[in-house]
Amino acid sequence: MGYTWDIQVKIFKYTLIAAAVFAGCSALFLEKPLPFIYALIFGTLIGILNFRNLALTLEKAVKMTPGQAQVYAGSRYFIRYMINGIVIFVSIKADYLNVLGAVLGLFLIKFVVVVTNLFNDINFFKRIFIRKEEE
Amino acid sequence: MEPITGRALILACSAIGAGLAMIAGIGPGIGQGYAAGKGAEGVGRQPEAQADIVRTMLLGAAVAETTGIYGLIIALILLFANPLIGLL
């Protein structure tokens, strides 16, 4: 499954949990929650598949020569970009899908990556208001 | 010659704006390609660090893609769900 499989599974798990939380909140607080929930599921699943595609692309790219890797990663990025465009276009055009839900679903995996890998250190938050001179 | 209506002007400016917003999608593509090239160089230099390199690059590349999608959303909303026409 490749050496990034464990990190992928961890991120997929957190993303699905976050999507479930957002879906629950929308069911409680929105007047018509169904379009939002459908779009959230749609966006989240496509986001997860895009992340998997990115992992496969990078695993393959590092085994190529730098020039080939550059072209390969760039071309695959534009394929994912088009997929994202199609998802957003469909959610704009379809009445049964909420655009904000789809966009939130697409970005959810990125928020999860940021939260679980960059802002997961509690000392970072403790030090955030301490000036360098006081240390 | 027919005068330019407000609606036509908004549609024309929105199309130009959508085109400009799509420029945002090029940057992450170039950046991701560059990062993959440097990753391949790093793996060539230190093959035992391949797992660490790919893992770090994966997380960075996933977050870097976000800015391109922002531009895409702006462009698609300007083209297909323009909120400015409703203001006329």
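Select B:A62 to begin: not counting residues up to four places away in sequence, B:A62 touches A:F51, A:L54, A:I109, A:K110 and A:V113, where contact requires C-beta atoms, placed from the backbone, to lie within 7 Å. The model is predicted, so local features need pLDDT of at least 70 and side-chain atom pairs count only at pLDDT 80 or more, while totals for chains, interfaces and linings use all residues. Residues are numbered from 1 along each chain as its sequence is written, and chains are lettered from A and ligands numbered from 1 in the order in which they are written.

Next, add A:L58, A:V62, A:A102 and B:L58 to the selection; together with B:A62, these touch the most other members of the largest nonpolar core, which has 47 residues. Such a core is a set of buried Ala, Val, Leu, Ile, Met, Phe, Trp, Tyr and Cys residues joined through C-beta atoms within 7 Å. Colour the elements that give two or more residues to this core: α1 (5-29), α2 (33-61), α3 (66-93) and α4 (99-117) of chain A, with α2 (26-45) and α3 (50-80) of chain B. The largest share, 13 residues, comes from α3(B).

Now display chain B alone. Its pattern along the sequence is α-α-α, with three helices and zero strands; helices are DSSP runs of H or I of at least four residues, strands runs of E of at least two, numbered from the N terminus. The C-alpha atoms of chain B fill a box of roughly 70 × 25 × 10 Å along the principal axes.

Finally, colour chain B by burial: 31% of its 88 residues count as buried, meaning that 20 or more other C-beta atoms, placed from the backbone, lie within 10 Å of the residue's own.

Technical notes:
Buried ≥ 20, exposed ≤ 12 C-beta atoms within 10 Å, placed from the backbone. Contact = placed C-beta atoms within 7 Å.
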